[in-house]
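Take a look at the fold below with an eye to where its interior leaves room. The text then moves through enclosed spaces, a helix and a strand.

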Amino acid sequence: MERTVFVNGEYLPESQATVSIFDRGFLMADAVYEVTSVLDGKLLEFAGHLKRLERSLGELQMAKPKDFDNLLEIHRELVSRNGVDQGGVYLQITRGVADRDFAFPKNVETTLVMFTQAKAILDTDAVANGIKVISIDDLRWGRRDIKTTQLLYPSMGKMMAKAAGADDAWLVEDGQVTEGTSNNAYIVKDGKIITRQLSNDILHGITRASVLRYADEAQMKVEERSFTIAEAQAADEAFITSASTFVMPVVEIDGAAIGTGTPGTVAKRLREIYIEESRKKAI
Ligand code: PMP
């Protein structure tokens, strides 16, 4: 069964959807993206993703695609045409098609590509057992607050984790954890939730913003500051957040069990709250 995807204003079967070899997304990773989760056939946190997309475009002086004001409708149409109940919608905007040049081209139409991915998010083994992470040096560029498609190093990090028998990697810079390869990182100590403060060093997770707000509303203590791998290994709990994993417990870091070595109560509670609240607000 072929998916229907969206490319530059057209809904097409995936095998017929193409982008030029001169597209700057392909040649230079001159592109930004968003992933919006789908639960019960509805979109989660759409407004947050749209706002961050607009910011990413602005930071890179990239024009909005002509369909920018129709993005909600296109998301919904793709979910409906592909019958997605659980999973996500991937969206990518590139600076467009121009002969190869380091300078940004002028008066070029941006490329907009969107497709759905059906995937179980709710009851997975990872949720039940927690995931294992390793730590690696953070060798990414300095504007991690912009959601670009420069994902080669995070992808290598994921492979290093797999080679070490783990599930994911936490990135470390100047001795402090920045974030996960594709998620924000947290520890819990004496009931307090600790996660790195926002800056250009990390992606400003849409899930992070909501989870911290829900934690605050539930009278949980939150501290936004950086932490080391040693502090994380000595914590009571650890977890990650992202649009595609929601709140996911971390039970092992560099071979050391965290707390009891099983998913922690704070992570489980936050996951429940996040799913309940997101479901209510889904559109
Ligand atoms: N950090 C990085 C590096 C990511 O790639 C992601 C997921 N795209 C996140 C954090 C989490 O962001 P969000 O909650 O918006 O998915």
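What follows treats the cavities before turning to one helix and one strand residue.

The model is predicted, with local features needing pLDDT of at least 70 and side-chain atom pairs counting only at pLDDT 80 or more, while totals for chains, interfaces and linings use all residues. Residues are numbered from 1 along each chain as its sequence is written, and side-chain values use heavy atoms, with hydrogens and water left out.

A cavity here is a set of points on a 1 Å grid over the protein atoms alone where a 1.4 Å probe fits but cannot get out, and its lining residues have an atom within 4 Å of a point. There are 2 cavities of 30 Å³ or more. The largest holds about 50 Å³ of space, a volume being the space filled by probe spheres set on the grid points. Among its lining residues are E34, F46, H49 and L91, and α2 (46–59) contributes the most, with 4 residues. The second largest cavity, of about 40 Å³, is lined by residues including S37, H49, T207 and Y274, and at least three of its lining residues come from each of domain 1 (4–118) and domain 2 (125–281), bounds that come from an automatic or database domain assignment.

Helix α6 (residues 206–217; a DSSP run of H or I, at least four residues) includes T207 among its buried residues, buried meaning under 20% relative accessible area with a 1.4 Å probe, protein chains only. After α6 comes Q219, with a positive phi near 60°.

K221 lies in strand β12 (residues 221–224; a DSSP run of E, at least two residues) and counts as exposed because its relative accessibility is 53%, over the 50% cut-off. The C-alpha atoms of K221 and K192 are 4.9 Å apart.

Methods: Expected span 1.5 Å × (residues − 1). 1 Å grid on protein atoms, 1.4 Å probe; cavity = no way out; pocket = protein on both sides within 12 Å on 5 of 7 lines; lining within 4 Å.
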